[in-house]
Amino acid sequence: MTAFNRQAAFDQAAAILEENDRGGYTVPTHGLYPFQWNWDSCLTALGLRHFDESRAWTEIETLLSHQWPDGMVPHIVFHEPDEGYFPGPDVWRTGRPTPTSGITQPPVLGFVLKRLFDEARDRKLADEKAKALLPKAAAWHRWFYQARDPEGTGLVAIIHPWESGRDNSIDWDEALARVPTEGVEPYRRRDTEHVDAAQRPHKAEYDRYLWLVQKFRSLGWDNSKLHDASPFRVVDPGFNAILIRSGLDLAALAEILGETGLAEEARGQASRARAAFEKLWNPALRHYVCYDRAGGVLVDSVSVGGLLPVFAGLGDKEQQSAIADRIREWRGQTRFGVASHDLADPRFESKRYWRGPCWLIVNYLISDGLARCGLPELADAVSADSLALISENGFAEYYDPLSGEALGGGSFTWTAAMVTELLTERGGEAPVRRSARA
Ligand code: GLC
């Protein structure tokens, strides 16, 4: 292993953020993902802030200018036509002025807004931007608790695996198997033209992803109907933890900005969710697991989704230490953490996307949560794994936890953004900004 050079890593990250900048938004990577993705953009803003705070706020503003009238923030905004991606706007047909997809993604927005605000060097800009963006973020959360929890259980369901951000996780296998494939229109995948098919989801999964899109399209993308009409409705502990943390951060931000009504609303949502969350704890597995709402069963699958509750400080001390033990156990079985799935599960695959590989954004969220839960050493170990991965294998989309091999797309934006965060977080000295942006 070559000696880790912080300055070189920081400069490489800066160059990737710049290379993937398309003006008011950033693409996740050239070729494979040529549009604006929701949670990619939010996390990318955390990277951009190290170079240009105004550009970081713009990243979020652009995303939110495509928020739907009902409050949903779509998972993809198709700013410019690009034939290299499937399914494009002609498949989604959501009828938005600028085409978007019709589903959403993990709501890291509230967390990101609070962090941009707290760390701002330009206070005036931060006050102005946070004030303008806060009601939009609150509207998105309101939408979640109405459209994705129509019975008021306190927890929201995803209705498509792509919403989770963990597209082909083992967590979805059983629920997805119930989705039919009859009537799926013929299609040609593009992802496997960019990336080795062994690192991507199988066709059987893709057929079902598309069946769901067609189903929702046939219902006119009316969110008052989609939840109940979807055969795939899963309550993911990771997704809900992100929503809870973002809700708590929005509440704190609203309080600072004098928006007490919004603060109270967000706190109420978070405390109802927190109360309901314990239903996702599986005492035998000592892990938070998914609840398959359509099937009415807890899912027997130990994944990184069940580690993310630390990001929202959920669980009591014993549950948090069970999560920490699990991370230690997985790190002990791999060269690099954190694997996205339990290695003891026969369905684990070290190279296939969300069925085993490490993702730096997940490491970042877990590490932040561990530090908040009073586990700074483990938090630092997870962050060190992230830096070891990029130093040995470059800025990939994801990595094989056993070998560290770079997988999926290259020159990946959110990986770069996370590196800028890791090199500057917790009092770490910011490397000199030597890039063209500086
Ligand atoms: C994949 C990932 C998703 C991400 C997107 C763009 O679909 O699973 O989480 O947002 O790529 O990077």
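In this predicted model, the shell around the ligand consists, by class, of eight nonpolar, two polar and two charged residues. The residues that surround the ligand are Pro28, Tyr33, Trp37, Trp39, Asp40, Gln105, Gly165, Asp167, Tyr353, Trp354, Phe412 and Trp414. The charged members of this shell are Asp40 and Asp167, and the polar members are Gln105 and Gly165. Tyrosine and tryptophan count as nonpolar in this classification, so Tyr353 and Trp354 belong to the nonpolar part of the shell.

Polar side-chain atoms of the shell also approach the ligand. An N or O atom in the side chain of Gln105 is 2.9 Å from an oxygen atom of the ligand. For Trp354, the distance from a polar side-chain atom to a ligand oxygen atom is 2.9 Å, and for Tyr353 the corresponding distance is 3.1 Å. Each of these pairs falls within the 3.5 Å limit set for a polar contact. On its own, the ligand has 310 Å² of accessible area, and the protein covers 97% of this area. The site occupied by the ligand is the largest cavity.

The protein as a whole contains 16 helices and nine strands. Its radius of gyration is 20 Å, close to the 22 Å given by the globule rule for 438 residues, so the protein is as compact as a globular protein of that length. Taken along the principal axes, the box filled by the C-alpha atoms is roughly 55 × 50 × 50 Å.

Some details of the backbone concern peptide bonds and phi angles. Most peptide bonds are trans, and most residues other than glycine have a negative phi. A cis peptide bond is present between Phe86 and Pro87, with omega at about 0°. Pro87 belongs to the loop between β2 (76–77) and α4 (89–92). Another cis peptide bond runs from Gly337 to Val338, and its omega is near 0°. Val338 is placed in the loop between α13 (317–333) and α14 (360–372).

Positive phi values occur at Arg93 and at Trp221, neither of which is a glycine. At Arg93, phi is about 45°, and this residue is in the loop between α4 and α5 (109–118). At Trp221, phi is about 55°, and the loop that holds Trp221 lies between α9 (203–218) and α10 (223–229).

Definitions and conventions
Residues numbered from 1 in each chain as written. Predicted model: local features only at pLDDT ≥ 70, side-chain atom pairs only at ≥ 80, totals over all residues. Heavy atoms only, no water. Near = heavy atom within 4 Å. Polar contact = N/O pair within 3.5 Å; in protein donor to acceptor, adjacent residues only side chain to side chain. Areas by Shrake-Rupley, 256 points an atom, 1.4 Å probe, with all protein chains shown as cover. 1 Å grid on protein atoms, 1.4 Å probe; cavity = no way out; pocket = protein on both sides within 12 Å on 5 of 7 lines; lining within 4 Å. Sits in = over half its atoms within 2 Å of the grid points. Helix = DSSP H or I, 4+ residues; strand = E, 2+ residues; numbered from the N terminus. Rg over C-alpha atoms; globule rule 2.2 N^0.38 Å.
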